[in-house]
Amino acid sequence: MKVNEITVCNFRNLTKQTVTPGAKLNIFTGDNAQGKTNLVESVYLCCIGKSPRTDKDKDLIAWNKDYAYVKVKYAGRFGDGEIYVAIKNGVKKQISVNAVPLTKIGELMGYLNCVYFSPNEIRIISQSPAERRRFLDIDLCQTDKNYFYSLSRFNKSMIQRNNLLKQAATLDEARELLFVWDKQIAEEGAKVVFKRSSFCEKLKTHAKKCHLNLTDGKEELTLEYVTQIKGESVKELSGNYLTLLADNVEKDFQLRHTTVGCQRDDIALKTNGIDVRSFGSQGQLRTAALSLKLAELSIFKDLIGEYPVLILDDVLSELDCDRQRRLLNFDKDLQILLTSATEIDSNLVKTDCKYFTIDGGVCEEKPPEFNI
């Protein structure tokens, strides 16, 4: 999968312009706060319909402007496409694919696939289980639209269940009111758990291989999907889920929220047998996070038959030269959009490359002689 053209208008500090990336490595350099991250953020917005940096769409509109839009033209194994996202103050965000408006954000998933890596992605390892669930959910939503809809229905049912727990006057009333929502939660939650578990099995193999490569075989990364819901099939998981909810209804009533279920899932990560989430050094955290991101690329290739676009936002400074080289030359078929505040050592690059500079919100391609 390749991004062929990026058009932005009033997107954060970016002026109206069109950028044409190359098919392989693209390096965007410039001082801080000039718009490098904003440009690659616009691509990711067209991937999942949301920014990786903010939950507020209004933050994406340039200062003193009423609207912003992004248009990305891409090519995949099923042909070319165009995604358009328009944001206007006081109006619901508009998204279209090939000029056809979408009614739900879930309809966007799978058209343009991206893996996004920035220094903040270390939080996947170092912060709460919610970050690791988010990591799983973003990948699964891109590769499986049915997962997106199951997760959406599950979340809506959980909101209803928790509201009822707050409103119920007695435990008996809670039991009576919760039954319908428990059934829905168990059905959709079982699908979520089953697909998360299957994805983690693939992730385990690829992440171990990537981590050994990044550390020259000195560290072995292992991971395990952790869930309270047990079972080998969706049907078995659903039945066990329903039983678990029923067994904990008294506790849930006392605390006024749901205490069990896949909203508490996690990924256990260890390097050489030590829990990297709690005891890993900064270097180990960064390497583990990078291993997961590289593993994502391989899983996407297995599941959809092509690599996603890899977005690397200001991450090379966090890595030594050997890891930089391995990352920049991961695979000749991979398109990379990379931002950096400093120039990249050309000796690290063994693939075709286009260089751009970004200054004051304006992106310009560097002349061909720069690449020699």
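**Sheet.** I began with the open sheet of this predicted model, and I found six strands in it, arranged in the order β8-β12-β13-β3-β14-β15 with mixed pairing. I noted that β8 (114–117) and β15 (362–365) stand at the edges, and because each has a single partner strand, one side of each is left without a neighbour in the sheet. I then looked up the turn between neighbouring strands, which is 20° on average when direction is ignored.

**One strand pair.** I looked next at β3 (residues 25–29) and β14 (residues 353–359), and I found that these two strands pair in the parallel sense over five bridges. Within this part of the sheet I picked out Phe 28, whose bridge partner in β14 is Phe 356.

**Helix on the sheet.** I followed helix α1 (residues 36–48) and saw that it lies across β3, β8, β12 (309–313), β13 (336–340), β14 and β15, while its direction makes an angle of about 150° with β13.

**Largest pocket.** I turned to the largest pocket, for which I wrote down a volume of about 630 Å³. I counted 25 residues in its lining, and I recorded Lys 50, Arg 134, Asp 137, Ile 138 and Leu 151 as the closest to the pocket centre. Which elements give two or more residues to this lining? I found that they are α3 (129–143) and α4 (145–167), and that α3 gives the most, with seven residues. Sorting the lining by residue class, I noted eleven nonpolar, five polar and nine charged residues.

How values were computed. Residues are numbered from 1 along each chain as its sequence is written. This is a predicted model: local features need pLDDT of at least 70, side-chain atom pairs count only at pLDDT 80 or more; totals for chains, interfaces and linings use all residues. Side-chain values use heavy atoms; hydrogens and water are left out. Two strands pair if DSSP finds at least two bridges between them. Helices (H or I, at least four residues) and strands (E, at least two) are DSSP runs, numbered from the N terminus. Axes are lines fitted to C-alpha atoms, for helices over the stretch in contact, and angles run from 0 to 180 degrees between N-to-C directions. Contact means heavy atoms within 4.5 Å. On a 1 Å grid over the protein atoms alone, a cavity is a set of points where a 1.4 Å probe fits but cannot get out, and a pocket is an open set with protein on both sides within 12 Å along at least five of seven lines; lining residues have an atom within 4 Å of a point. Grid points are joined across faces, edges and corners, and a volume is the space filled by probe spheres set on the points. Ala, Val, Leu, Ile, Met, Phe, Trp, Tyr, Cys and Pro count as nonpolar, Asp, Glu, Lys and Arg as charged, and the others, Gly among them, as polar.
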